[in-house]
Amino acid sequence: MNRTEFDYEIIETIATLTADTGTGYQKELNIISWRGKEPVYDLRLWRVTNDQRQPLKGITLTAAELAALKVALNKE
């Protein structure tokens, strides 16, 4: 596996927040297992072309972190 390849499995796609069909970039909230580990919530930009998906910059959150973020956003 080279530096640009990632071992992941998208368990569930929760939402596609943005999609630019011209560039193929999509920002998605998914539940993902990275390298066979415990699934986490993942908010990330993806490059989607034909039948390939490349993960770009993003963040991962545990269920507890996501719940804390939800509480914080509800205060706004």
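## Note on a predicted four-strand, one-helix chain

1. Trp-34 counts as buried, at 15% relative accessibility. This value, like the others in this note, comes from a predicted model. The limit that applies to Trp-34 is that a residue is called buried under 20% relative accessible area. Trp-34 is taken up again below, together with the aromatic rings that accompany it.

2. Overall architecture. The protein chain contains 1 helix and 4 strands. In sequence order, these elements follow the pattern β-β-β-β-α, and the reader may therefore wish to begin with the strands and end with the helix. Taken along the principal axes, the box filled by the C-alpha atoms is roughly 40 × 30 × 20 Å.

3. Surface and burial. The protein chain has 76 residues, of which 20% are buried. Its accessible surface comes to about 5800 Å², and carbon and sulfur atoms account for 52% of that area. Among contacts between residues at least 6 apart in sequence, 21% join residues at least 24 apart.

4. Aromatic pairs. How many aromatic pairs does a search of the whole structure find? The search returns 2. One of them joins Tyr-8 and Trp-34, whose ring centres are 5.5 Å apart and whose planes stand at 50°, a tilted arrangement. Tyr-8 belongs to strand β1 and Trp-34 to strand β2, so this pair ties together parts that are 26 residues apart in sequence. Tyr-8 is partly exposed, with a relative accessible area of 23%, whereas Trp-34 is buried at 15%. Ring pairs also bring in Trp-46, so that Tyr-8, Trp-34 and Trp-46 are linked into a cluster.

5. Ser-33. This residue lies in strand β2 and is buried, at 9% relative accessibility. Where does the side chain of Ser-33 reach a backbone oxygen? The partner is the backbone oxygen of Lys-37, at 2.6 Å. When residues up to four places away in sequence are set aside, Ser-33 touches Asp-7, Tyr-8, Glu-9, Ile-11 and Pro-39. Tyr-8 is thus in contact with Ser-33 and also forms the tilted ring pair with Trp-34.

6. Salt bridge between strands. The structure holds 2 salt bridges. In one of them, the side chains of Arg-53 and Glu-28 meet with N and O 2.6 Å apart. Arg-53 is in strand β4 (residues 52–61) and Glu-28 in strand β2 (residues 25–34), so the pair ties together parts that are 25 residues apart in sequence. Are the two partners buried or exposed? Glu-28 is buried, with a relative accessible area of 3%, while Arg-53 is partly exposed, at 31%.

7. Salt bridge between Asp-42 and Arg-44. The closest N and O atoms of Asp-42 and Arg-44 are 2.9 Å apart, and the two residues form a salt bridge. Asp-42 and Arg-44 are both buried.

8. Gln-26. This residue is placed in strand β2. Its side chain makes a polar contact of 2.5 Å with the side chain of Glu-28, the residue that also meets Arg-53 in a salt bridge. Beyond four places in sequence, Gln-26 touches Thr-16, Thr-18, Ala-19, Arg-44, Leu-45, Trp-46, Val-48 and Arg-53. Gln-26 therefore touches members of both salt bridges described above, including Arg-44 and Arg-53.

9. Lys-27. Strand β2 also contains Lys-27, which is partly exposed, with a relative accessible area of 37%. Its contacts, leaving aside neighbours within four places in sequence, are Ala-15, Thr-16, Leu-17, Thr-18, Leu-43, Arg-44 and Leu-45. Lys-27 and Tyr-41 are separated by 14 residues in sequence, and their C-alpha atoms are 13 Å apart in space.

10. Nonpolar surface patch. Which residues make the nonpolar surface patch of about 250 Å²? The patch is made by Leu-17, Leu-43 and Ile-59. Leu-17 lies in strand β1, which spans residues 8–20. Leu-17 and Leu-43 are also among the residues in contact with Lys-27.

Methods: Residues are numbered from 1 along each chain as its sequence is written. This is a predicted model: local features need pLDDT of at least 70, side-chain atom pairs count only at pLDDT 80 or more; totals for chains, interfaces and linings use all residues. Side-chain values use heavy atoms; hydrogens and water are left out. A salt bridge is a side-chain nitrogen of Lys or Arg within 4 Å of a carboxyl oxygen of Asp or Glu. Helices (H or I, at least four residues) and strands (E, at least two) are DSSP runs, numbered from the N terminus. Buried means under 20% relative accessible area, exposed over 50%, partly exposed in between (1.4 Å probe, protein chains only). A polar contact is a pair of N or O atoms within 3.5 Å; within protein, one must be able to donate a hydrogen and the other to accept it, and residues adjacent in sequence count only if both atoms are side-chain atoms. Contact means heavy atoms within 4.5 Å. Patches are made of residues with over 30% relative accessible area and no salt bridge: like charges are joined within 9 Å, nonpolar side chains (Val, Leu, Ile, Met, Phe, Trp, Tyr) within 5 Å. Accessible areas come from the Shrake-Rupley method with a 1.4 Å probe; for residues, only the protein chains shown count as cover. Rings of Phe, Tyr and Trp (its six-membered ring) pair if their centres lie within 6.5 Å; planes under 30 degrees apart count as stacked, over 60 as edge-to-face and the rest as tilted.
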